[in-house]
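Reader: I have a model open and want to read its sheet and its pockets. Where should I begin?

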Amino acid sequence: TALESLAEMQVKANYLEEPLLRSILAGSPRLASKAARIRRLPAEATHFERIALGEAIGNAVQARRETDAGKLIDTLDALAVANRISQPTHERMVLNAAFLVANDGLEAFDAAVEALSDQYADEMRFRLLGPMPSYSFADQAWEERTVGAGEV
């Protein structure tokens, strides 16, 4: 079959909670000042403000996730024949994806995930599973495409 020379590699990336929150607040003076103000006041007096701040931070995390996931997918997709992106399973998950990789490209894919893990070490933790049978792609319509210099 067409999948015989291919393997599935699953990549999961999760934000580290404290660095993510610090980064979100550092990137938004408005949110940072709201957070500082809320911290100075009693919890009972700021209940609804805390809820609103949490929602605003959640929206900022969602926007960051979309940007960061796009960068990760672009990097890894260049080394894959196809991908299947799944919804995050929790609010700190950046990427939940399966990539279909040619057997002779597995080392390069592994190295790329390792490089991303090093690049984002202060912000995210990566988990790479595989190579494994291409279950995520067995019943999917996908089309072969050129990967790197060779053809798959």
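Author: Begin with the sheet, and keep in mind that this is a predicted model. Strands of a sheet pair through backbone hydrogen bonds, either parallel or antiparallel. Here 4 strands make an open sheet, ordered β2-β3-β1-β4, with antiparallel pairing.

Reader: Which strands stand at the edges?

Author: β2 (82-85) and β4 (124-132). Each has a single partner strand, so one side of each is left without a neighbour in the sheet. From one strand to the next, the twist averages 20°.

Reader: How many bridges join β1 to β3?

Author: There are 9, between residues 6-15 of β1 and residues 93-102 of β3. To find the register, take Ala7: its bridge partner in β3 is Val101.

Reader: Which strands does helix α4 lie across?

Author: Helix α4 (residues 106-119) lies across β1, β3 and β4. Against β4, helix α4 runs at about 170°.

Reader: Now the pockets. How much space lies in the largest pocket?

Author: About 210 Å³. Its lining includes Glu17, Leu21, Ile57 and Arg92. Both α1 (17-26) and α3 (47-77) supply at least two lining residues each. By class, the lining has 4 nonpolar, 2 polar and 4 charged residues.

Reader: And the second largest pocket: which element gives the most to its lining?

Author: α3, with 5 residues. β3 also gives two or more. Among the lining residues are Arg65, Ile73, Pro88 and Leu95. The space in this second largest pocket is about 150 Å³. Its lining counts 6 nonpolar, 4 polar and 2 charged residues.

Terms used. Residues are numbered from 1 along each chain as its sequence is written. This is a predicted model: local features need pLDDT of at least 70, side-chain atom pairs count only at pLDDT 80 or more; totals for chains, interfaces and linings use all residues. Side-chain values use heavy atoms; hydrogens and water are left out. Two strands pair if DSSP finds at least two bridges between them. Axes are lines fitted to C-alpha atoms, for helices over the stretch in contact, and angles run from 0 to 180 degrees between N-to-C directions. Contact means heavy atoms within 4.5 Å. On a 1 Å grid over the protein atoms alone, a cavity is a set of points where a 1.4 Å probe fits but cannot get out, and a pocket is an open set with protein on both sides within 12 Å along at least five of seven lines; lining residues have an atom within 4 Å of a point. Grid points are joined across faces, edges and corners, and a volume is the space filled by probe spheres set on the points. Ala, Val, Leu, Ile, Met, Phe, Trp, Tyr, Cys and Pro count as nonpolar, Asp, Glu, Lys and Arg as charged, and the others, Gly among them, as polar.
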